[in-house]
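I opened this model to take notes on a few places in the chain. The entries follow in the order in which I looked things up.

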Amino acid sequence: MDRNFTFTDGSQIPVGTMYCIGRNYSAHAREMGAQVPESPIVFIKPPAAYIPSESTITIPSISKNMHHEVELVVIIGKDCSTTISASTALEYVAGYAVGIDLTLRDVQSVAKERGEPWATSKSFSGSAPISTAVKAKEHLNPNNLTLVLSVNDEVRQNGSTNMMERTVEELIEYVSSIFSLRRGDCIFTGTPEGVGRLVSGDRVTAELQDAPKLKIYIS
Ligand code: MG
């Protein structure tokens, strides 16, 4: 399968490393029985985790409780070899999409108890469905976009990126201070409250203001 971010004008960028931010919305941190951390929580999904809209995903057999987390995805358009400051961060953004950080909540809970990494619960094949992307433009403020996720036409998550604890610019500054962000990498910016279980047969729709809808099917 080709793993490319596709933009509404038809242009493409190969999918790189996906950097994912945990607990960037206080209401979601609370629903997980946690707090917003002092430094961002970062975990990684590999390119093989990417699937485009209209994909069908099978819940991995190691889990009985796969959750949806709808998120703004920021696609990086230029290599960033040195630390980027928040004030120039948006110059490195190619565009924005809506993604679902699919999470095996039961597997993650065991990992948290044991102090083990989240790779199996967060980074499995197909764990990163991402929509067609819209190009970044000067007037497009990524920190004030609505995010909605529906399961079988019932709204489960309804928030806005204006509820993020750290802005897109701050997240790019932080991630680039530790990792070498490259063209085609992306940042999952965290999820608003309302995460929940997906079961076989579910139709999932995720919407980010101004971006094409993301649809996936659970088999
Ligand atoms: Mg998440």
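**Entry 1: Asn143**

I started with Asn143, which I found in the loop between β12 (134–135) and β13 (146–151). I note here that the model is a predicted one.

I then asked whether Asn143 is buried or exposed. Its relative accessible area is 13%; because the cut-off for buried is under 20%, I put Asn143 down as buried.

Next I listed what Asn143 touches, leaving out residues up to four places away in sequence. The list reads Thr161, Asn162, Met164, Thr167, Val168 and Glu169. With Glu169 I also found a polar contact between the side chains, at 2.8 Å.

I checked one further pair, Asn143 and Glu173, which are 30 residues apart along the chain. Their C-alpha atoms are separated by 15 Å.

**Entry 2: the magnesium ion**

Which residues are the protein donors of the magnesium ion? I read off Glu69 (OE), Glu71 (OE) and Asp101 (OD), at 2.0 to 2.1 Å from the ion. Along the chain these donors follow the spacing E-x1-E-x29-D.

I looked up the cover on the two glutamates. Glu69 has a relative accessible area of 4% and is buried. Glu71, with a relative accessible area of 1%, is buried as well. Both entries rest on the cut-off of under 20% for buried.

**Entry 3: strand β8**

Glu71 took me to β8, residues 70–76. How many of the residues of β8 are buried? I noted seven of seven, so the strand goes down as mostly covered.

I then sorted the residues of β8 by face. In a regular strand the side chains alternate between the two faces of the sheet. On one side of β8 I have Val70, Leu72, Val74 and Ile76, and on the other Glu71, Val73 and Ile75. Every one of these is buried, and I recorded both faces as covered.

For the neighbours of β8 I went through the bridges. Strands of a sheet pair through backbone hydrogen bonds, either parallel or antiparallel. Strand β9 (residues 93–100) runs antiparallel to β8, with seven bridges between them. Within that pairing, I found Gly95 of β9 as the bridge partner of Ile75. Strand β15 (residues 186–188) also pairs with β8 in the antiparallel sense, over three bridges. There Phe188 in β15 stands opposite Val73.

**Entry 4: the sheet with β7**

I looked up the open sheet of three strands and wrote its order as β10-β7-β16, with antiparallel pairing. Its edge strands are β10 (103–104) and β16 (196–198), each of which pairs on one side only.

Between β7 (residues 66–68) and β16 I noted three bridges, again antiparallel. His68 has Gly196 of β16 as its bridge partner.

**Entry 5: the chain as a whole**

I ended with the totals. The chain has four helices and 18 strands. Its radius of gyration is 16 Å, close to the 17 Å that the globule rule gives for 219 residues, so I noted the chain as being as compact as a globular protein of that length. The C-alpha trace spans about 40 × 40 × 30 Å along its principal axes.

Of the 219 residues, 53% count as buried. The chain exposes about 9600 Å², and carbon and sulfur atoms supply 46% of that area.

I also looked up the contacts with a separation of 6 or more. Residues 24 or more positions apart account for 76% of them.

Terms used: Residues numbered from 1 in each chain as written. Predicted model: local features only at pLDDT ≥ 70, side-chain atom pairs only at ≥ 80, totals over all residues. Heavy atoms only, no water. Donors = N, O, S within 2.8 Å, 3.2 Å for Na, K, Ca; no water. Buried < 20%, exposed > 50% of the residue type's maximum accessible area, 1.4 Å probe, protein only. Helix = DSSP H or I, 4+ residues; strand = E, 2+ residues; numbered from the N terminus. Contact = heavy atoms within 4.5 Å. Polar contact = N/O pair within 3.5 Å; in protein donor to acceptor, adjacent residues only side chain to side chain. Rg over C-alpha atoms; globule rule 2.2 N^0.38 Å. Areas by Shrake-Rupley, 256 points an atom, 1.4 Å probe, with all protein chains shown as cover. Pairing = 2+ DSSP bridges.
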